[in-house]
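This report describes a single protein chain. It addresses model confidence, enclosed and open spaces, and the packing of one helix.

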Amino acid sequence: TTRTNTTTMPGTIHNGDSLSPTTVTLFDTDPGIDDAFALALALASPEVNLRYVTTVAGNTGIRAVTRNAAHLLSLMQADTDVVLARGAGVPVAGPVRNARDFHGSDGLGGHQRSLLDAGLKAHRVRADAVRLIIEAAARHGPALNIIAVGPLSNVALALRLAPDVMRSIGRLVIMGGAVRVAGNVTAAAEFNFFADPVAAAEVIAAGLTTTVVPLDVTQQVRCTPKAIQKAFGHRSDLYARAMRDFADQAFKRQPHGFALHDPLAVAAAILPEVVRTERVPLQVVTGTGIAAGMSLEDARTFDAAVSEGTLTDVAFGVDTNAVLELFEARVLRFGSRRRSRHHSNASRVVVVGGANMDLVVKSTVLPRAGETISGGDLAQVPGGKGANQAVAAARAGAAVALIGRVGEDAFARDLYAAL
């Protein structure tokens, strides 16, 4: 079967897979340059409700990626109740691999030291990421979403220890794989799956509600030098300097724009409709041969008695403009927006008014008096005079509070997420 998601403006969420106000998120990561941008997007998106961050060896070693996560959380002013835990330092099976040729030995292009020298108070670190993942799954069940943007070692180990508990989670979004395109470390494999093919194979085979965001789409969404210069060129705050330094490292290898691999996975969790997914039989090739880490789709069109692989939602299309708009609004403006909220001279606006979901039907003609007409293209759009004024003021840079009354139905959940 094929599922196609329609695309809407960033902030407008329509389908049942979207994050709701009751959702909590665990972010499994190996920072990593694009991981840093993905973490910023998660923290700047209130509907993500980021509660847990776990680290895994990948782009570089576990000590470095954990140190990066601790200082990035501090840099991005994450709440102190966000729990950070150190995870697997080696793959579930097979040799240790890394991506230091792209991310640098410290994972941040040699700029980890600048975060240390800035005097940031590192986020507190627990030592048991796999246990934390299981605890979070047991506590939140279907309200827990996991976004995994590194090798899947932690998730695989949690599945081995507590398979029933892990199968209770709401959704798993994975950045990994190369399904209908070439790999980026071998002809067949993308890095995250290549770094721990056994873990990737076990997680895909587990049959969780999973969306895979592979190179097929992530390589289509790129952050350009022009965008970085426009956002950070005039700023001197630590967040802007750090993000500019990370981007400059990526531009050394991808001078026309670095791929937003991990941020796209976060965007797909926030707004599932920015990607077009197909449910296909998928498996990951293990072993040490040339196909190790390959994402293998059973694309046979004839009636096979048994399809090989686990039915998995895989993203094959992306609304690049919508993702970049979301990325610019929430990541590239992230630091300046947070600064303005803490300055004593920042504009503060309180809006008291309505917030509602508008159901809009498009018609080709206007009705005459007393005439009933039919239309098509039903759209569900967040609205309300108060909500519109609040959003407009926030986009203008003000710190805004909206006071209103919202119900408890599906429309309300979509409205909260859009706001």
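## Confidence of the model

The pLDDT is the predictor's confidence in each residue, on a scale from 0 to 100. The structure shown is a predicted model. Across the chain the pLDDT averages 86, and 89% of the residues score at least 70.

Residues 1–16 have a pLDDT below 50; in the model, this stretch nevertheless has 49 contacts beyond near neighbours in sequence. In residues 337–346 the pLDDT also stays under 50, and the model has 11 contacts beyond four places in sequence for them.

## The second largest pocket

The second largest pocket holds about 470 Å³ of space. Its lining is formed by 25 residues, and those nearest the centre of the pocket are F102, H103, N184, F191 and H261. Two or more lining residues are supplied by each of α1 (33–43), α3 (100–103), α8 (191–195), β9 (258–259) and α13 (261–270). Among the contributors to this lining, α3 has the largest share, with three residues.

In chemical class, the lining of the second largest pocket comprises nine nonpolar, eight polar and eight charged residues.

## The cavity

Rolling a probe the size of a water molecule over the atoms shows where empty space is left. The structure holds one cavity of 30 Å³ or more. The space in the largest cavity amounts to about 50 Å³.

The largest cavity is lined by A57, G58, G89, V90, P91, V96, R97, P151, S153, A195 and D196. By class, six of the residues in this lining are nonpolar, three are polar and two are charged.

## Helix α11

Which residues of helix α11 (residues 225–232) are buried? They are I228, A231 and F232. These residues cover an arc of only 75° around the axis, and therefore lie on the same side of α11. An α-helix has 3.6 residues a turn, so residues three or four places apart point the same way.

K226 and K230, on the other side of α11, are exposed. The packing partners of the buried residues of α11 are α1, β8 (222–223), α12 (238–253) and α14 (320–332). Helix α1 thus appears in two settings: α1 gives two or more residues to the lining of the second largest pocket, and the buried residues of α11 pack against α1.

Key
Residues numbered from 1 in each chain as written. Predicted model: local features only at pLDDT ≥ 70, side-chain atom pairs only at ≥ 80, totals over all residues. Heavy atoms only, no water. Contact = heavy atoms within 4.5 Å. 1 Å grid on protein atoms, 1.4 Å probe; cavity = no way out; pocket = protein on both sides within 12 Å on 5 of 7 lines; lining within 4 Å. Points joined across faces, edges and corners; volume = space filled by probe spheres on them. Helix = DSSP H or I, 4+ residues; strand = E, 2+ residues; numbered from the N terminus. Nonpolar A, V, L, I, M, F, W, Y, C, P; charged D, E, K, R; others polar. Buried < 20%, exposed > 50% of the residue type's maximum accessible area, 1.4 Å probe, protein only. Arc of directions from axis to C-beta.
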